[in-house]
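Please consider the fold below with attention to its disulfide, its nonpolar core and one hairpin.

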Amino acid sequence: QVQLVESGGGLVQAGGSLRLSCAASGRTFKNYDMAWFRQAPGEQREFVAAIIRSGGGTVYADSVKGRFTISRDNPKNTGYLQIDSLKPEDTAVYYCAAGFGWPSMKPESYNYWGQGTQVTVSS
């Protein structure tokens with residue numbers, strides 16, 4: 001029902017910022033909660049942030065709270081993850097997900113996934 005495409009990743013120095021985008025197909029995006037996860041090589045997929053379908057509520061992992069901001073623009077069928085004060089340990093593939101999972105931090109709570117965008121942070 002929903003197809004997701006992430007963009008905005010790249011190589012950035014520590015302390016810099018990135019804005020990731022998640023473009024969703026169709027008009028049904030507004031009916032789903034949205035979340036961001038990340039996965040570093042050899043590690044489990046890690047919860048980053050989630051936002052309820054209306055955009056009126058958000059939850060963050062302790063590791064990113066204060067530096068990352070999740071948002072969405074439902075008329076544009078697009079979600080965002082603003083990343084500030086980047087650290088080398090933020091290096092990972094970042095995935096956008098959609099479903100009825102908010103405020104869950106578990107990957108299995110979300111049904112639709114993008115292919116990911118690489119974020120690499122150098123020191």
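A disulfide is a pair of cysteine sulfur atoms within 2.5 Å. By this rule the count comes to one: cysteine 22 and cysteine 96, with sulfur atoms 2.0 Å apart. The link has -80° about the S-S bond and is left-handed. It joins strand 3, which holds cysteine 22, to strand 9, which holds cysteine 96, across 74 residues; strands are DSSP runs of E with at least two residues, numbered from the N terminus. Cysteine 22 has a relative accessible area of 0%, and cysteine 96 likewise stands at 0%. Both count as buried because that term means under 20% relative accessible area, with exposed over 50% and partly exposed in between (1.4 Å probe, protein chains only).

This is a predicted model, in which local features need pLDDT of at least 70 and side-chain atom pairs pLDDT 80 or more, whereas totals for chains, interfaces and linings use all residues. Residues are numbered from 1 along each chain as its sequence is written, and side-chain values use heavy atoms, without hydrogens and water.

The largest nonpolar core (buried Ala, Val, Leu, Ile, Met, Phe, Trp, Tyr and Cys residues joined through side-chain atoms within 4.5 Å) has 36 residues, and Trp36, Val48, Ile70, Leu81 and Tyr94 have the most contacts inside it. Strands supplying at least two core residues each include strand 7 (68-73) and strand 8 (78-83).

Strand 7 and strand 8 pair in the antiparallel sense over six bridges, where pairing requires at least two DSSP bridges. Along strand 7, Phe68, Ile70 and Arg72 point to one face and are buried, while Thr69, Ser71 and Asp73 point to the other and are not.

Conventions
Helix = DSSP H or I, 4+ residues; strand = E, 2+ residues; numbered from the N terminus.
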